[in-house]
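Q: Could you take a close look at the place where the two chains meet, and then work outwards from there into the strands behind it?

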There are 2 protein chains.
Amino acid sequence: MTAGTGRLPVGERLPTLEDVARVAGVSRATVSRVINGIRNVDPQLHEMVWNAVGQTGYVPNRLARSLVTRRTGTVALVVSDSESHDDDPFMGRFFADPYFGRVVGGLMSVLRTAGIQLALQIVGTEEQRTRLVGDLRHGQADGVIVLSLPGHDPLPRMLTDVGVPAVMIGRPADPVPINYVDLANDTGACLAADHLVERGCQLIGMISGPADVPASNDRITGFRRSMARHGHAWVPLASGNFTQESGETAMRTLLAENPGVDGVFVANDLMALGALLALRDAGRRVPDDVAMVGFDDSSAAVAASPALTTVRHPLEDMAAESARLLLARIDDPGMRISSVIYEPTLVLRQSA
Amino acid sequence: MTAGTGRLPVGERLPTLEDVARVAGVSRATVSRVINGIRNVDPQLHEMVWNAVGQTGYVPNRLARSLVTRRTGTVALVVSDSESHDDDPFMGRFFADPYFGRVVGGLMSVLRTAGIQLALQIVGTEEQRTRLVGDLRHGQADGVIVLSLPGHDPLPRMLTDVGVPAVMIGRPADPVPINYVDLANDTGACLAADHLVERGCQLIGMISGPADVPASNDRITGFRRSMARHGHAWVPLASGNFTQESGETAMRTLLAENPGVDGVFVANDLMALGALLALRDAGRRVPDDVAMVGFDDSSAAVAASPALTTVRHPLEDMAAESARLLLARIDDPGMRISSVIYEPTLVLRQSA
DNA sequence: ACCGTCTCGGAGAGCGCTCTCCGACGTGTG
DNA sequence: CACACGTCGGAGAGCGCTCTCCGAGACGGT
């Protein structure tokens with residue numbers, strides 16, 4: 001606990017372009033040209049200007065610049081949650097999940113080299129959504145990365161309607177002409193199903209996420225399709241909400257309804273962790289009695305015991321790609337809308 | 001893959017204050033007053049203005065407003081890493097760690113209700129640091145939350161020198177007159193030591209983090225102090241870097257050098273996870289042969305098997321508090337510098 | 001010697017907003 | 001009836017920057 005006054009540089013006006021111009025003995029325009037490296041300026045003036053910049057300690061004011069250039073050097077990361085409202089504890093869970101961090105990490109790996117900062121926005125209410133779109137139209141950010149949460153979100157449509165450069169991570173629930181980067185979730189589920197079947201499992205169940213999340217839904221359909229191909233028209237299914245607890249509960253349900261289950265595909269690693277607990281409680285060994293395949297290849301997968309065989313989700317790469325896509329889109333607004341789908345791979349460990 | 005033109009509202013200029021004024025038949029100043037709810041404006045004009053706003057679909061331009069008010073409604077979250085440089089893979093690890101997400105979640109819980117957005121900045125190089133400070137002086141953000149990484153970081157000092165409102169999460173390595181929010185790491189370590197001793201452990205070791213991180217260092221000194229008080233002047237120590245792998249390695253080292261170890265305090269849960277693996281490999285049961293206490297109470301702690309007894313680190317609360325502190329500081333720049341230290345608690349589970 | 005042509009720097013008009021004046025008007029007082 | 005006083009809206013000067021003109025000068029061709 002130290003006391004202090006905060007030493008505000010009261011009245012100490014920061015040097016402006018005008019000041020630099022005065023010191024260098026040229027006009028504002030010339031300084032601006034030099035600073036922005038534009039065209040042919042006499043080398044001598046060029047040097048005088050840089051000297052003046054050094055002398056005054058001038059730093060351009062990004063705000064003022066943005067006002068006229070309509071470029072901010074900022075990309076917004078909006079976490080849109082159309083269902084929940086302001087103080088929803090759900091958001092806490094969301095941020096604690098590695099998903100968020102991995103996305104941010106992937107985005108930043110591209111953005112930071114481009115010198116662009118990420119502005120995090122959470123929108124829940126209708127009003128916030130409208131305000132966000134309004135701000136974006138004004139060029140508050142050069143573009144936006146949308147992370148869509150459960151439910152049918154009106155935001156993607158609103159964004160495309162006003163022509164704001166946008167890229168979604170994860171396919172939008174409703175068909176919207178928007179760039180997106182996604183994982184072939186169905187293929188991933190197929191991988192899991194194939195592996196469990198090849199392993200000799202006879203009764204294979206699935207623990208799914210909420211059906212209204214496209215990614216989750218795709219995993220279900222992919223799994224069912226693959227299982228059907230292997231001659232299992234019907235598969236036992238229990239659903240959770242991607243949390244560990246829900247995975248535990250779902251596993252118990254599955255076990256109760258299908259005591260003979262000897263293989264299970266869990267739609268994300270966190271739920272798989274919970275499922276593992278439930279199996280242990282039930283006295284089933286993994287993988288001997290029940291084989292398990294997770295999804296995401298998160299750090300939880302290697303931390304689990306037994307370590308989880310899981311479908312690898314290259315989230316960082318996808319986030320990085322979405323950043324690249326957005327940047328390209330910003331540079332060329334006429335760019336046609338395109339999306340890139342990543343193929344998942346199966347990572348073999350001990351659980352199956 | 002859909003094709004489209006991106007529907008830019010070319011030439012469709014957004015309505016400005018001027019436009020609203022024209023429609024309402026008043027002056028710009030009056031519209032501004034109404035929009036900002038200032039002073040006594042004739043109720044009739046008041047209504048006319050709001051009608052005009054509705055008619056035109058006017059949305060204030062935050063940039064333009066910020067330019068004159070010197071307020072942006074943005075707080076910067078800077079992750080300062082004085083040691084590493086641009087493409088350091090370390091950052092990837094950092095973001096994937098729940099630490100980052102928990103901090104963001106805590107910050108946002110406060111900021112979003114205040115209608116403030118978070119701008120994420122990563123600064124590695126000297127140049128980036130200077131630029132950041134320059135931008136901040138210009139009011140690019142109203143204040144900044146600093147997340148300090150390993151090493152002695154010059155950023156806190158730079159920030160206070162120019163009088164930018166700033167709050168650190170985690171005590172600065174060097175004494176700097178800056179607001180910060182921290183955890184009583186030493187107390188937490190004492191808690192762990194006391195518990196292991198009370199449990200009857202005879203030879204208690206520690207797996208620490210890097211010594212140059214203040215938080216990590218405090219855990220070491222706290223642990224040593226408490227152990228000394230219990231009559232153990234010397235304690236076996238192995239250090240890691242907070243990753244799971246490093247925890248595994250450290251545990252092996254500890255085991256090799258002190259085969260009789262029957263208790264271990266691990267400076268974070270992630271390393272504890274690794275240590276658990278190493279112990280299993282070595283055929284030691286937890287907690288029967290070796291008792292273990294972790295630190296953080298992260299999701300990894302409950303996911304581990306056995307579930308980890310750990311020191312709870314109320315990171316979300318701390319982040320929220322730091323946001324509150326910053327907001328207060330922004331409102332009242334003369335506020336004296338103060339810091340708040342949180343007390344950790346021990347969460348008992350199975351590992352000890 | 002005259003006239004395009006080209007190079008390069010300056011003047012100045014904004015970008016969209018806020019906020020300080022200042023003047024107009026209405027009311028109460030000597 | 002003249003004057004002070006208070007209320008409220010408008011004019012206009014910025015905030016710090018960019019960028020489009022435009023004019024001055026240099027240069028070469030006829």
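A: Let's start right at the contact in this predicted model: chain B puts in 61 residues and chain A puts in 62. On the chain B side, the elements that give two or more residues are helix H4 (62-69), helix H5 (90-96), helix H6 (98-111), strand S2 (117-123), helix H7 (126-137) and helix H13 (299-303) of chain B. H6(B) has the largest share of that side, with seven residues. Sort the chain B side that touches chain A by residue type and you get 28 nonpolar, 23 polar and 10 charged.

Now for the strand in that list. Strand S2 (residues 117-123) of chain A runs antiparallel to S2(B), and three bridges join the two. Ala119(A) sits opposite Ala119(B) in S2(B). Keep that alanine in mind while we turn to the symmetry.

Two copies of a chain are related by a rotation about an axis and a shift along it. Here, chain B lands on chain A after a rotation of 180° with 0.1 Å of shift along the axis, at an RMSD of 0.1 Å. So what you have is the relation of a two-fold axis. And here's the alanine again: in chain B, the C-alpha nearest the axis belongs to Ala119(B), 2.1 Å from it. Both copies use the same surface, with 100% of the contact residues of chain B recurring in chain A.

Stepping back to one chain for a moment, chain A has 14 helices and 12 strands. Its C-alpha trace spans about 85 × 55 × 40 Å along the principal axes. The radius of gyration of chain A is 26 Å, whereas a compact globule of 352 residues would have one near 20 Å. Still, 50% of the 352 residues of chain A count as buried. If you like contact maps, take the contacts in chain A between residues at least 6 apart in sequence: 71% of them join residues at least 24 apart.

Next, the strands of chain A, beginning with S3. Strand S3 (residues 143-148) of chain A is mostly covered, with six of its six residues buried. In a regular strand the side chains alternate between the two faces of the sheet. In S3(A), Gly143(A), Ile145(A) and Leu147(A) point one way, while Val144(A), Val146(A) and Ser148(A) point the other way, and all are buried. S3(A) also has strand partners. Strand S1 (residues 74-80) of chain A runs parallel to S3(A), joined by six bridges, and Val78(A) stands opposite Val146(A) there. Strand S4 (residues 166-169) of chain A pairs with S3(A) in the parallel sense too, over four bridges. In S4(A), Met168(A) is the bridge partner of Val146(A).

You can read strand S8 (residues 263-266) of chain A in a similar way. Gly263(A) and Phe265(A) point one way from S8(A), Val264(A) and Val266(A) point the other way, and all are buried. Strand S6 (residues 204-208) of chain A is parallel to S8(A), with four bridges between them, and Met206(A) stands opposite Phe265(A). Strand S9 (residues 291-296) of chain A is likewise parallel to S8(A), through three bridges. In that pairing, Val264(A) stands opposite Met292(A).

For the wider sheet, switch over to chain B. Six strands there form an open sheet in the order S7-S6-S8-S9-S10-S12, with mixed pairing. The edge strands are strand S7 (237-239) and strand S12 (345-347) of chain B, each of which pairs on one side only. From one strand to the next, the twist averages 20°. Inside this sheet, strand S9 (residues 291-296) and strand S10 (residues 309-312) of chain B pair in the parallel sense over four bridges. Thr310(B) in S10(B) is the bridge partner of Gly294(B). Helix H12 (residues 269-281) of chain B packs on the sheet, where it touches strand S6 (204-208), strand S8 (263-266), S9 and S10 of chain B. The direction of H12(B) makes about 155° with that of S9(B).

Definitions and conventions
Residues are numbered from 1 along each chain as its sequence is written. Chains are lettered from A and ligands numbered from 1 in the order in which they are written. This is a predicted model: local features need pLDDT of at least 70, side-chain atom pairs count only at pLDDT 80 or more; totals for chains, interfaces and linings use all residues. Two residues are in contact if their C-beta atoms, placed from the backbone, lie within 7 Å. Ala, Val, Leu, Ile, Met, Phe, Trp, Tyr, Cys and Pro count as nonpolar, Asp, Glu, Lys and Arg as charged, and the others, Gly among them, as polar. Two strands pair if DSSP finds at least two bridges between them. The radius of gyration is taken over C-alpha atoms; the globule rule is 2.2 Å times the number of residues to the power 0.38. A residue is buried if 20 or more other C-beta atoms lie within 10 Å of its own, exposed if 12 or fewer, and partly exposed in between; C-beta atoms are placed from the backbone. Copies are superposed by least squares on the C-alpha atoms of residues with pLDDT of at least 70 in both. Axes are lines fitted to C-alpha atoms, for helices over the stretch in contact, and angles run from 0 to 180 degrees between N-to-C directions.
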